[in-house]
Amino acid sequence: MKLVLRVWRQKERGAPGAFSRYEAPDASPDMSFLELLDVINEHLIVSGEQPIAFDHDCREGICGSCGMMIDGVAHGPMKATATCQLHLRHFRDGDEIQVEPWRAAAFPVIKDLVVDRGALDHIIAAGGFVTAQTGSAPDGNAILVPKRAAEEAMDAAACIGCGACIAACPNGSASLFTAAKISHLGLLPQGQPERARRVVAMVAQMDREGFGNCSWHGECEAACPKSISIDTIVRMNRDWLAACIMPKEKSRSEEGG
Amino acid sequence: MLFLWRAVVGKKIAMAVTGAIMIAFLIGHVAGNLLVFRGAVALDAWSAFLKHNAGVLWAVRAVLFVSVVLHVVAAVQVTLLDRKARPQAYARIQPQAATVASRTMRIGGLLIACFIVVHLMHLTTGTIRPAPFQEARVYDNVVGGFHIWWVALIYVVAMIVIGLHLVHGAWSWLRTLGLSRPKAEPLQRPIAAALAIVIWAGFTAIPLAILFGLVR
Ligand code: FES
């Protein structure tokens, strides 16, 4: 099949960028979208041009490295699918596809389709951890986890940190990412000691990184390759409000451990 | 309170609480307005009752005024923040989940603010007088105003904008406050949609009924 890509090319951080047109006359419908870029890059290298820079690693939808706006949709037209798992059979022969990097002030473009997602690391560093004893592995059933909590925490823990939620949000909000981490840790018994402190710190860091506000468009959930629910944001807000208006509760849970 | 306001989520919480207050007011407002279908005596008696309890009336007005101000200030602030959060727009963007209601909250809010000013100047203070205005003759003022087609039109259009604002707002305020229960389809909002339709229909029925002579 023949596909035409209009890809954002940008030399480096802060440099002006523009779209360039590339034709792939003999793409296979069984290729993934990243393989299509690989093929285009091979041609570019042969003809002495700079290959298109894009992030990728596992290519099986679990690492969160890949991600780009494909025809105005984060990770492309398939629901619950990362760019690396998107196959060309979902496009029509002759399609012209616009490919853009994630756009957000907190995600500066490093080169072409590669953006700096360090802001997400800063949010994690602010509170996305639990205090655990090191040493030998704990006994399997030493801490009982309610079934429902285990299920919901796992759903949230599916977040691969790709940044599609921010890219797709009309406000450039990082609420779904942050809420997923807060839900993942805050639902489990191991996450209770820092629960209040965590939500306050991570929400504050989200603001500091310059992300926008959540106004419940639901675009993040639709873009998420792991289909994480916006219900996690409800939980984040509830925890945040509780931590703010009940500081006693907060210190008690911090001492509790 | 101030530390709440400093966080972006805190501003949204302020918008949710004030939005809920305004929804509660709208429910009372539309219920009172529908007395117009019971005639001049009923509506004017309701208005006189409100005026009689001046303390309560002014307390409600004060709460509403503060709510509107907080709602608008927070909305402006988060809008500016969002602009900064995405300085470069996408060349191509295809919304997947956002609704007409969610995407028109800002422009709709602006229109509603303008409408509130016009509406208060028309039927509360009588500053704008498309038809003769008499203090305490609510029924005559309403019927007189809505006999004029363009006055009725302004109100009918404004109610569409408010209804749309409610379709999103009556659903999202509970989410912002963290009060919604987890759902399989969190974007579905049957109760908010029903509430928006009821409020819209109640308000819209009045100018239409008067314009077409069902109420005279
Ligand atoms: S490359 Fe790992 S998720 Fe796509």
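# Exercises on a predicted two-chain model

Of the 257 residues of chain A, 53% count as buried. The model used in these exercises is predicted.

**Exercise 1. Describe the overall make-up of chain A.**

Solution.
Step 1. Begin with the secondary structure: nine helices and seven strands are present in chain A.
Step 2. Turn to the dimensions. Along the principal axes, the C-alpha atoms of chain A occupy a box of roughly 65 × 40 × 35 Å.
Step 3. Consider the contacts between residues at least 6 apart in sequence. In chain A, 68% of these join residues at least 24 apart.

**Exercise 2. Determine how many residues each chain gives to the contact and what area is buried between chain A and chain B.**

Solution.
Step 1. Count the residues: chain A contributes 46 and chain B contributes 43.
Step 2. State the area. About 3600 Å² is buried between the two chains, and carbon and sulfur atoms give 55% of this.
Step 3. List the polar links. Between chain A and chain B there are two salt bridges, and 26 residue pairs are in polar contact across the interface (both at pLDDT 80 or more).
Step 4. Identify the elements on the side of chain A that touches chain B. At least two residues each come from β5 (96-100), α3 (147-157), α4 (164-168), α6 (195-208), α7 (219-223) and α8 (231-245) of chain A.
Step 5. Among the contributors, α8(A) gives the most, with eight residues.
Step 6. Classify the residues on this side of chain A: 23 are nonpolar, twelve polar and eleven charged.

**Exercise 3. Decide whether α8(A) is largely enclosed or open, and compare its span with the expected one.**

Solution.
Step 1. Helix α8(A) has 15 residues and runs 21 Å from its first C-alpha to its last, close to the 21 Å expected at 1.5 Å a residue.
Step 2. A residue is buried when its relative accessible area is under 20%. Twelve of the 15 residues of α8(A) are buried, so this helix is largely enclosed by the rest of the structure.
Step 3. The buried residues include A:I233, A:V234, A:W240 and A:L241, and also the charged residues A:D231, A:R235 and A:D239.

**Exercise 4. Characterise A:D71 by its place in the chain, its backbone angle and its partner in chain B.**

Solution.
Step 1. Locate the residue: A:D71 is in the loop between β3 (69-70) and β4 (73-74) of chain A.
Step 2. Its phi is near 55°, a positive value in a residue other than glycine.
Step 3. With a relative accessible area of 16%, A:D71 is buried.
Step 4. The side chain of A:D71 forms a salt bridge with that of B:R92 (2.6 Å, N to O).
Step 5. For comparison, take A:A80, which lies in the loop between β4 and β5 of chain A. Phi of A:A80 is near 50°, again a positive value in a residue other than glycine, but A:A80 is partly exposed, at 39% relative accessible area.

**Exercise 5. Examine the salt bridges formed by A:R103 and by B:D82, and state whether each partner is buried or partly exposed.**

Solution.
Step 1. The side chain of A:R103 meets that of A:E100 at 2.8 Å, N to O.
Step 2. A:R103 counts as buried at 4% relative accessibility, and A:E100 counts as buried at 2%.
Step 3. In chain B, the side chains of B:D82 and B:R106 meet at 2.5 Å, N to O.
Step 4. B:D82 lies in helix α4 (residues 54-85) and B:R106 in helix α6 (residues 105-124) of chain B, so this pair ties together parts that are 24 residues apart in sequence.
Step 5. B:D82 is buried, with a relative accessible area of 5%, whereas B:R106 is partly exposed at 39%.

Methods:
Residues are numbered from 1 along each chain as its sequence is written. Chains are lettered from A and ligands numbered from 1 in the order in which they are written. This is a predicted model: local features need pLDDT of at least 70, side-chain atom pairs count only at pLDDT 80 or more; totals for chains, interfaces and linings use all residues. Side-chain values use heavy atoms; hydrogens and water are left out. Contact means heavy atoms within 4.5 Å. Buried area is the accessible area (1.4 Å probe) that two parts lose on being put together, summed over both. A salt bridge is a side-chain nitrogen of Lys or Arg within 4 Å of a carboxyl oxygen of Asp or Glu. A polar contact is a pair of N or O atoms within 3.5 Å; within protein, one must be able to donate a hydrogen and the other to accept it, and residues adjacent in sequence count only if both atoms are side-chain atoms. Helices (H or I, at least four residues) and strands (E, at least two) are DSSP runs, numbered from the N terminus. The expected span of a helix is 1.5 Å times one less than its number of residues. Buried means under 20% relative accessible area, exposed over 50%, partly exposed in between (1.4 Å probe, protein chains only).
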